[in-house]
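User: Hi! I would like to learn how to read a structure like this one, feature by feature. Could you walk me through it?

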Amino acid sequence: MAKIKVTINEGGFEREVEIEAPEGTGSWPKPDQMHVLGKRTTRLEAPDKVTGRARYTYDVNLPGLLYGKIIRSPHAHARIAKIDVTKAKALPGVKAVIVIDPNKEVTYQGDEIAALAAVSSDVAEDAARLIDIQYDLLPHVASIDDARKPGAPRAIPNRDNVGREERSETGDVNSAFAAADAAIDANYSTQVQTHVCLETHGVVCKWDGDELTVWASTQGVQGVRDELAREFGLPASKVHAITEHMGGGFGSKFGAGVEGSICARLAKDAKAPVKLMLDRKEEHLAVGNRPSIQIHMKAAGKKTGELTALETDSYATGGVGGGAGYPMPYVYSCPNTRIAKREVFINAGAARAFRAPGCPPAAYLMESTMDDLAEKLGVDPLEFRRKNDPNQTRQKQYDMGAERIGWATRRNKVPGSAPGPVKRGIGMGSGAWGGGGGPADIVTTRIHRDGSVEVLCGVQDLGTGTRTAIGVVAAEELGLQPHELKVAIGHTDYGPSNGSGGSVTIGSVSPAAKTSAANAKMQLFQKVAPSLGVTANDLSAQNGRVFVTKDPAKGMSWKDACAKLDAAGISAQGSWIPGLNSSGTAGTQFAEVEVDTETGRVRPLRVVAVHDCGLVVNRLTAESQIYGGVLMGLSFALLEDRILDGPTGRMVNPNMEDYKVVGCLEVPQIDVILMDMPERGVIGLGEPPVIPTAAAIANAVYNAIGVRVRDLPITPDKVLTALSAKAKEA
Amino acid sequence: MHPFQYVQATSLREAIAALNRSPDTTKPMAGGQDLLTELKERIAQPTTVVSLRGVRELRFIREGADGLHIGSMATLAEIEQHPQIRGSYAALAQAAASVGSPQIRSQATLGGNLCQRPRCWYYRAEEFHCLKKGGDRCFAVAGENKYHAIFSPGPCHIVHPSDCAPAAMALGAKARIVSATGERQVSLDDFFEMPNRNLFGENVLRPGELLAEVVIPKPKGTLRSTYAKFRERPSFDFAMCGAAVALDMDGDTCRSARIVLSGVAPVPLHVPDAETALSGKRITQEIASAAATAALKGAQPMTDNAYKVPLATTVVRRAILAAVQGTEAAL
């Protein structure tokens, strides 16, 4: 065994750890010898999804199923004075009622208080209203500004609203500002974004004696199993977690969650299976979000194009939770920096990991600053980036993206100078992400005597295409087509698996799938070799045939080869080995927008997204990841915003009417440019594409109108307000 | 939702009878696109719901010598696709087409659209016991009022959510209202009520009454109309600001005009000053701008919605110019 470093992910956040790895490294075929790797493979489950056969947690129905419901605080901050569940318990059809803590201090609207299970969701809803709860209201804080005021009430008991300052300093910031050719100084802010998974959080729990089966909408079946096993004092072997299909997690669905353990308790108490799926309002309030940031940014540079100094001072809030960190100065190198960050607690639902935590806001803040400073220095913003970005991949991406969008010809040399009320502009932004992966999954490949093949792994598919990727990797190894395999995933009984966070699934599971398929293939070769008068090492499998590598005419069809197996067929496992994946991706996006200066409308016209992910396993789903990331980024840039009512601390838009997510008319032309770097092995692409979009859009808006909107999202009211402030100045 | 008795009426007479058994606690349901959400959120808690789905005599679109008759149960999809409405009553077709999504428009009706309840986020959330629900304050005043009214006498600051109402008003529509004791016709100008007059509803319909039909007078051959709607999210949204414009043209000159705004007041807002600015004039950019400015005269923005003044000014100006051209405004 050798010691190596790999990136792992815990709860959505990445960490590098040293592990023991098997000796020897794997290698992928040369690109010209790939048959399905890197090609466009439609999803194995596509027919199930388009016909509605695919079973999501929401679709699980069992005989005698009960419906669970969580009773949540309508107040931002209160102490429960009295809770009486007598009437709810007495309502016909109510089978179980749980009070979480009769003296709980609730610290946000949506905080869990009690739960119940009933024969229908209507009865559950009625019963919830029969629970008599009296509150002693406590003063709340609903914004960073309120939380920071002297004498502000505490959001959380025994904890200051403003956390410890995290400070870092490099070089000599004061001298660098003094020696700079130009400097900028501005305040920015970014909003809270909620995950808006189309399938809400939730589980279905079923007990058989002391054995628990849980269908969960989760990013980690194994985490769900282990959490519930711990909570109920069960061996892991007695808990089974299943996620056949799921409708999005984006970092908010690790572990069983409060709703998972409540559902399991309700099912145990009621002695019947219980389904507990949250509704849209609960999704917005209680199961995670991307923290907001308020920042004061100062930057300085040289006319020769160097970024020489950066000084930032920020307050960020993840509601009652932490995790509001973000990288700064992110992708650029700056010799003199002074970075101060503080986390603030307010009475709102806790943040959770959200697709590239910290990075989309960081990119918006940093890229807006880069553009403004470049303009003040009289340097082309693209040149300014080339000068200050040490990453060689991104240097190439700058060229590719700039050429595609028409940077040299289409961009306004003087921002806002185009004639007429409707103006076009071009902007750009960049991002970086880790990815990675390591030993977590065990994949099993079974070859049956009739030639059929099953590939099994516990791992779940968040919708990214993991199932298909496993099929592609195994099919490449076996010389078959992915659609000829049955890939069974999303079940803890299928073996150990990784949690899908940090874009590490593809890097963890692909090597295991390859190893498993290779092991199975070798066993098959050993059975077949004698009949061809060679040894197993002399054989290859390609295009549905098994043949002698040096004499391809000598061989047989896959089916005939498998017919030589015993009735037991072959079952071979494989786990992660080094050499097949790596980490570290770069991305650059260019956007063109049209801004109507008389209505404030920002219309995205085109996004050019240039990304690398090492060896592309499935080009179709890789591109889908980029489309999805760009859409989420656009939505963050232009629409999404969790709005809290100051006087009550309640969210006014916990729905999909006023919490606005992009629809089909807001989607521009999206050009995906995938850089192939097969020599690096596979690297995840789930998170990177969401990072640069808002930055690129914001800079394009500035290039169009010559006015900077310093607060996301860039909605019509803010554009009009910024334009009118500028007009008043002039 | 609260349990309620569900009555499927098969005739107008039956519907009226059912509505009048206990008028104060009975709600009619047309397409259900609004009422169902109110029921689910427990904002409406009727003891009886009378479905009008089976009342065939309310589902028609008919052009007569006196104009266009649209039954209150005609769907928005039917209106948006109707050749005569698209031709002679363009503002109404455009307004219907701008509502919600295709799924919603195939269920939603004209009557329901005119009588829908406000979208104010305080009104719609069960936790906020606002004025309109019998509470003691309008939460929008000290709270989040980006989408609220810039023309309201108070004490409530909703905007009326209908797109079809301003379009029908601009076209001079009347409402035929049926009750147990007979029927009455009310100009749409008088149909909607400000909150200082009617806090718990938005129009003159009283319990037991039903909006049966909308009648739009036959336009002169020279009438050009359009409905311009600015949506924060174009795919699917209520109006942030909208303007219905109907111009009676004599060549390049405007004989008379009707202009009604959406998204700015608790009722579809008729703006006579803007109309005066157009009548007798050849419509140029400048005249359209002057009319648009007149339309917004007297606006009183709240803390977060001053942007609606320049936005609505643009919407009105572009709507006027589009109407002259016989096109739809680019927004």
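Analyst: Happy to! Let us start with a rule: a salt bridge is a side-chain nitrogen of Lys or Arg within 4 Å of a carboxyl oxygen of Asp or Glu. Please keep in mind that this is a predicted model. In it, A:Glu244 and A:Arg55 satisfy the rule, with 3.4 Å from N to O.

User: Where do A:Glu244 and A:Arg55 lie in chain A?

Analyst: A:Glu244 is in the loop between β14 (239–242) and α7 (257–270), and A:Arg55 is in the loop between α1 (46–51) and β3 (66–72), so the pair ties together parts that are 189 residues apart in sequence. Over all chains, the rule gives 73 salt bridges.

User: How many salt bridges are found across the interface of chain B and chain A?

Analyst: Ten salt bridges are found there. One to look up is B:Arg318 with A:Glu598, whose side chains come to 2.8 Å, N to O. You can also look at polar contacts: 24 residue pairs make them across this interface, with both residues at pLDDT 80 or more.

User: Which elements of chain B give two or more residues to the side that touches chain A?

Analyst: They are α8 (121–124), α9 (139–142) and α14 (308–325) of chain B. The most comes from α14(B), which gives five residues. Sorted by class, that side of chain B has 14 nonpolar, three polar and twelve charged residues.

User: What area do chain B and chain A bury between them?

Analyst: About 2900 Å², with 50% of it on carbon and sulfur atoms. B:Trp121, B:Glu127 and B:Arg233 supply 23% of the area that chain B buries against chain A, more than any other three residues. In terms of contacts, 29 residues of chain B meet 35 residues of chain A.

User: Now for helices. How do I read a packed pair?

Analyst: Two packed helices are described by the angle between their axes and the distance between the axes. Try α13 (residues 466–478) and α14 (residues 505–532) of chain A: the angle is about 35° and the axes are 8 Å apart. The crossing of α13(A) with α14(A) is right-handed. Residues on the α13(A) side include A:Ile470 and A:Val473, and those on the α14(A) side include A:Val509 and A:Ala513. The contact has ten nonpolar, three polar and three charged residues.

User: What are the angle and the axis distance for α9 and α17 of chain A?

Analyst: Helix α9 (residues 359–377) and helix α17 (residues 693–705) of chain A pack at about 35°, with axes 8 Å apart. Their crossing is right-handed. Among the residues that meet are A:Tyr364 and A:Glu367 in α9(A), and A:Ala698 and A:Tyr702 in α17(A). This contact divides into six nonpolar, two polar and four charged residues.

User: And what should I look for in the backbone?

Analyst: Most residues other than glycine have a negative phi, and most peptide bonds are trans. A:Phe250, not a glycine, has a positive phi of about 55°, and A:Phe250 sits in the loop between β14 and α7 of chain A.

User: Which peptide bonds here are cis?

Analyst: One runs from A:Leu712 to A:Pro713, with omega near -5°, and A:Pro713 is in the loop between α17 and α18 (716–729) of chain A. Another joins B:Gly154 and B:Pro155, with omega about 0°. B:Pro155 belongs to the loop between α9 and α10 (164–170) of chain B.

How values were computed:
Residues numbered from 1 in each chain as written. Chains lettered and ligands numbered in written order. Predicted model: local features only at pLDDT ≥ 70, side-chain atom pairs only at ≥ 80, totals over all residues. Heavy atoms only, no water. Contact = heavy atoms within 4.5 Å. Buried area = accessible area lost by both parts, 1.4 Å probe. Polar contact = N/O pair within 3.5 Å; in protein donor to acceptor, adjacent residues only side chain to side chain. Helix = DSSP H or I, 4+ residues; strand = E, 2+ residues; numbered from the N terminus. Nonpolar A, V, L, I, M, F, W, Y, C, P; charged D, E, K, R; others polar. Axes fitted to C-alpha atoms, helices over the stretch in contact; angles between N-to-C directions. Left-handed = near helix turned anticlockwise from the far one by under 90°.
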